[in-house]
Amino acid sequence: MQACLAKAQALGVARLDTALLLGQALQQSRAWLLAHGEYALTPQESAAFQGWLQRRAQGVPLAYCLGRREFHGLMLKVTPDVLDPRPDTETLVDWALEVWPPYGRGDQGGLGAGPAAAESPPHVVDLGTGSGAIALALKAAHPNACVHACDASAAALSVAKANADALGLPLALHTGHWWGAVDGLLFDLAVANPPYIGEDDPHLCDLAHEPRSALVAAQQGLADLRAIIAGAPAHLAPGAWLLLEHGHDQAPAVAQALAAAGFADIAHRLDLAGHTRCTGGRLPR
Ligand SMILES: C[S@@+](CC[C@H](N)C(=O)[O-])C[C@H]1O[C@@H](n2cnc3c(N)ncnc32)[C@H](O)[C@@H]1O
């Protein structure tokens, strides 16, 4: 095992990443690795480890090498078809849980209408769900809610479905372009972490292994945020919140678009580094 560690160090792979990749190759915990420093890898284990190590050294996200990522306490399958869910996005989940809509929407039509509407659980949508991270975290916190998850990418949605099945957290999945995927439905809460990086942003070269369609938007990264905001009033019940993740310098533009679309109570949340990375508003009742 010492030779593996030396190789990883020579390639510049961080010690924690190396330990996780080694644990994956050996199907052992970090505690086991610490206690068995003299273990000699089999040729198969060595080949698997070297392969992941090379990929990590080339900048492939650790989550893609491991095939998994923990998000809001859930272990998710992650593939190169989906964005590697970021810890900062847990801020959006926590905010959604803070403003969680009450049970029952009897008078608004759409999903909540009908004889049993007064008893109906909240209907919530995650636009651009990717791995299903946000939608599944919300469903885990409120198993009775009807949580919808949409994405333009069928490949991403199949990862979200695999995660929903593995976790026993059923989602209503829809393929399509933003609100077009859920036309005719009315929601009590909407969340989205859409692509928001500008086409010429220099940070994109550090994100080369993630799907460009999950990252990049026109209009200096604001096009998808604006499309979601513009379409929201037709798909949200009165009093419903729309909460959005965005880039660190986009809060004023997002707040302006929300106000122009008729949202009130516009507010922000900070990410783990203290940057204003979420903006949301509520439709008047
Ligand atoms: C930044 S990723 C967020 C993924 C996931 N929600 C998360 O937070 O980890 C944006 C997602 O939006 C999807 N997307 C991009 N354009 C879209 C569109 N026009 N309509 C619906 N989804 C879209 C991408 O496929 C991607 O999964």
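What follows is a chat about a few helices, loops and cysteines in a predicted model.

Student: Let's start with helix 10, then: which of its residues are buried?

Tutor: In this predicted model, helix 10 covers residues 251-260, and its buried residues are Ala251, Val254, Ala255, Ala257 and Leu258. Seen down the axis of helix 10, these buried residues fall within an arc of 160°, so they line one face of the helix.

Student: And which residues are exposed on the other side of helix 10?

Tutor: On that other side, Pro252, Gln256 and Ala260 are exposed.

Student: What do the buried residues of helix 10 pack against?

Tutor: They pack against helix 9 (223-231) and against three strands, namely strand 7 (236-245), strand 8 (264-270) and strand 9 (276-282). Helix 10 is then followed by glycine 262, which has a positive phi near 100°.

Student: Which residues other than glycine have a positive phi?

Tutor: Two examples are histidine 72, with a phi near 50°, and glutamine 219, with a phi of about 55°. Most residues other than glycine have a negative phi.

Student: Where are those two found?

Tutor: Histidine 72 is found in the loop between strand 1 (68-71) and strand 2 (74-77), while glutamine 219 is found in the loop between strand 6 (187-192) and helix 9. Histidine 72 has a relative accessibility of 26% and therefore counts as partly exposed, and glutamine 219, at 40%, also counts as partly exposed.

Student: Changing topic, how do helix 2 and helix 4 cross?

Tutor: The axes of helix 2 (residues 15-26) and helix 4 (residues 43-57) come within 9 Å and cross at roughly 145°, and the crossing is right-handed.

Student: Which residues meet there?

Tutor: From helix 2 there are Asp17, Thr18, Leu21, Leu22, Gln24, Ala25 and Leu26, and these meet Glu45, Ala48, Phe49, Trp52, Leu53 and Arg56 in helix 4. By class, this contact has eight nonpolar, two polar and three charged residues.

Student: Is glutamine 24 buried or exposed, and what does it touch?

Tutor: Glutamine 24, whose place is in helix 2, has a relative accessible area of 14% and is therefore buried. Leaving aside residues up to four places away in sequence, glutamine 24 touches Trp52, Cys65, Leu66 and Arg68.

Student: Now the cysteines: how many disulfides are there?

Tutor: The count comes to zero disulfides, taking a disulfide as a pair of cysteine sulfur atoms within 2.5 Å.

Student: Why is there no bond for cysteine 4?

Tutor: The closest cysteine sulfur, in cysteine 65, is 15 Å from the sulfur of cysteine 4, which is too far for a bond. Cysteine 4 is buried, with a relative accessible area of 7%. Cysteine 146 is in no disulfide either, as the nearest cysteine sulfur, that of cysteine 150, is 11 Å away, and cysteine 146 is partly exposed at 26% relative accessible area.

Student: Where does cysteine 150 lie, and what does it touch?

Tutor: Cysteine 150 lies in strand 4 (residues 146-151) and counts as buried at 1% relative accessibility. Not counting residues up to four places away in sequence, the residues that cysteine 150 touches include Val125, Asp126, Leu127, His174 and Ala181.

Student: How many residues apart in sequence are cysteine 150 and alanine 181?

Tutor: Cysteine 150 and alanine 181 are 31 residues apart in sequence, and in space they are 6.5 Å apart, C-alpha to C-alpha.

Note on methods: Residues numbered from 1 in each chain as written. Predicted model: local features only at pLDDT ≥ 70, side-chain atom pairs only at ≥ 80, totals over all residues. Heavy atoms only, no water. Buried < 20%, exposed > 50% of the residue type's maximum accessible area, 1.4 Å probe, protein only. Helix = DSSP H or I, 4+ residues; strand = E, 2+ residues; numbered from the N terminus. Arc of directions from axis to C-beta. Contact = heavy atoms within 4.5 Å. Axes fitted to C-alpha atoms, helices over the stretch in contact; angles between N-to-C directions. Left-handed = near helix turned anticlockwise from the far one by under 90°. Nonpolar A, V, L, I, M, F, W, Y, C, P; charged D, E, K, R; others polar.
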